[in-house]
Amino acid sequence: MRKPAALLKSVSLFGAAAVLGCGCSLFSAPSVSHSDASAPLPDVSIVINGLDMPYPEGMDENDNPYLDYIESHTGLDVDVLLPPLDVYEDKLNAIMASGVLPDLINVSNGVWVDNYVRQGALLPLDDLLESYGRNLLENIPEALWDQVRYEGEIYAIPSEYEVKGMELMYVRKDWLDRLGLAPPTTLDEYAEVIRAFAEDDPDGNGIDDTYGLILTEELGRSSPFFGAFGTQPDQWLERDGQLVYGGIVPETKEALAFLARLYAEGWLEPMFPLNQTANLAEQVEAGKIGLYSAAWYDTRGIIRNSKAHNPAAEWIALEYPVGPHGDSGVYATKPVRSYNVIPAGSDHPEAAVQFLDFTAGEGYETLKLGFENEVWRMENGRMKTDFKEHNKHQYRGIYQALTDYYNPELNEQRFDSLGEFHLTENLRIIERNIVPDAFVGLATPSMSRYMRELKELQTSVFDRIVLGLEPLDAFDEFVADWHAAGGAETTREVNEWYRAQKRGTGR
């Protein structure tokens, strides 16, 4: 049976009340008696993140070979809805408020999950997992299940990040060589390279058209520079037996001063508060940037494209900048990449768990690697991947990412099969230099109330300081405002969790 994709796409989620009023449903499915073994299997409606993945011509999230593969092996008929990424959580909130509920929702924000658990709007999943989730329970680490237990019951099926960190420094070696510079290691040496790339015509074209460093919105791709001062602004750090939020420690003020200097001198690409990854890619590929904090996979994306535009471009990985007190490092990914929850009132919760169990079990390798002998093949004991087919089939990731788990052996085999892009080497560099997040507990009640506004406050103040629109001492006022706006309460709850962990009493 073909799924009602047209209905899913044509109805505004914010108009859900009107849909209810007319007796229609965004996620309509025939009522099935679970006791009737001969009855057709139900439709399963899922709301997931599209990951900005393109589809080959003639395909979409509801009509493609990988969804056909899932359906043929599970007997399920899966209806997929992909809310726009830029308003994803707003759309999820509209769905939850509408009363027209899907069978499964995937969300990356633990605070969102916490909020709806406390409202009683999500189902506990222990019994469903015992009956239908054997592969989920076997393959997802126990530490992740601890992240989704509320008062002893599981309320979400977690997906683990396949990597432990994201960023490392890359530089145009050909620019270093042209200017007679060595690869930088200390923060001061980094500052000199950044200056030279902005001022000394590293591309030799006689035009002032390069910058020393590029960042993205919310100070994205700046983690190694905060690490040089011994902090990460969006993580919790252990200081003197207590946990403190990295965004408010004095070392963060020092890092902001360093970035503000780069901007004031004209060395930092000035549009960073508006830059998304696409803007960064455009600048790097056009040869305007010679040093930046790359994602581990940029060597087969942005950096590869840079070389295609300019065959003389030679990129190498760098050691992380070492700051004035000997610190260096980069942020760690959260243990849980995303959460799969089942709204209370779901028509087919057991089918939702069956769907996820297949993606974590029998279907894991195919969804992770692509179809054998089409995307990849084994040759003399080594995996070989067809790069063109791999890229064309990447949309499968919207299903595979729902129940990922850390599998370094398979990852290494897969990454190495893609070509000489140093992906495994990049990840090893990152893992050796991670600054761990000291808080790995469930979102606390005050996080649900305050963290979104606290993050917006932080972004606004940090951007203004780097842009020179506020003096550096505005940071001290920000710290006071952060505490008053819910940060103090959040800090108290985080430390209650931390003390319980040290006592071995859990949550």
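## A guided tour of the predicted model

Begin by selecting Tyr 55, Tyr 66, Tyr 69, Phe 358, Phe 371 and Tyr 395, which together make up one aromatic cluster. The model on display is a predicted one, and 24 aromatic pairs are found in it.

**Aromatic pairs**

Select next Trp 112 and Tyr 116, a tilted aromatic pair whose ring centres are 4.5 Å apart and whose planes stand at 45 degrees. Both residues belong to helix 5 (residues 110–118), where a spacing of 4 residues corresponds to about one turn of the helix. Trp 112 has a relative accessibility of 4% and so counts as buried; Tyr 116, at 9%, is buried as well.

Move on to Phe 462 and Phe 478. With 5.2 Å between the ring centres and 70 degrees between the planes, this pair is edge-to-face. Phe 462 is part of helix 21 and Phe 478 part of helix 22 (residues 474–503), so the pair ties together parts that are 16 residues apart in sequence. Phe 462 is buried at 4% relative accessibility, and Phe 478 is buried at 1%.

**The nonpolar cores**

Return to Trp 112 and display its surroundings. Apart from neighbours within four places in sequence, Trp 112 contacts Glu 89, Leu 92, Asn 93, Met 96, Ile 105, Val 107 and Val 341. Which residues touch the most other members of the largest nonpolar core? They are Trp 112, Val 113, Leu 136, Ile 157 and Phe 355, in a core of 64 residues. Colour helix 15 (residues 349–360) next: with 7 residues, this helix gives the most to that core. A second, separate core holds 50 residues, including Val 171, Ala 191, Leu 219 and Phe 439.

**A three-stranded sheet**

Now show strands 10, 7 and 11, which form an open sheet in the order 10-7-11 with antiparallel pairing. Strand 10 and strand 11 (315–317) are the edge strands, each pairing on one side only. From one strand to the next, the twist averages 40 degrees. Strand 7 (residues 167–172) is joined to strand 10 in the antiparallel sense by 5 bridges. To see one pairing position, select Tyr 170 and its bridge partner in strand 10, Tyr 292. Then add helix 20 (residues 423–432), which packs on the sheet and touches strand 7 and strand 11; the directions of helix 20 and strand 7 make an angle of about 120 degrees.

**Salt bridges**

The salt bridges number 27. Select Lys 288 and Asp 209, whose side chains form one of them at 3.2 Å, N to O. Lys 288 sits in the loop between helix 13 (277–285) and strand 10 (291–295), and Asp 209 in the loop between helix 10 (187–199) and helix 11 (223–227), so the pair ties together parts that are 79 residues apart in sequence. Lys 288 is partly exposed at 26% relative accessibility, whereas Asp 209 is buried at 17%.

Go next to Lys 334 and Asp 437, a salt bridge in which the closest N and O atoms are 2.6 Å apart. Each residue lies in a loop, and the pair ties together parts that are 103 residues apart in sequence. Is Lys 334 buried or partly exposed? At 41% relative accessibility, Lys 334 counts as partly exposed, while Asp 437, at 13%, counts as buried.

Finish with Lys 368 and Asp 404, whose side chains meet in a salt bridge at 2.9 Å, N to O. Lys 368 and Asp 404 are both buried. Add Glu 162 and Arg 414 to the selection: salt bridges with shared partners join these two, Lys 368 and Asp 404 into one network.

Terms used
Residues numbered from 1 in each chain as written. Predicted model: local features only at pLDDT ≥ 70, side-chain atom pairs only at ≥ 80, totals over all residues. Heavy atoms only, no water. Salt bridge = Lys/Arg side-chain N within 4 Å of Asp/Glu carboxyl O. Helix = DSSP H or I, 4+ residues; strand = E, 2+ residues; numbered from the N terminus. Buried < 20%, exposed > 50% of the residue type's maximum accessible area, 1.4 Å probe, protein only. Pairing = 2+ DSSP bridges. Axes fitted to C-alpha atoms, helices over the stretch in contact; angles between N-to-C directions. Contact = heavy atoms within 4.5 Å. Core = buried A, V, L, I, M, F, W, Y, C linked by side-chain atoms within 4.5 Å. Phe/Tyr/Trp six-rings, centres within 6.5 Å; stacked < 30°, edge-to-face > 60°.
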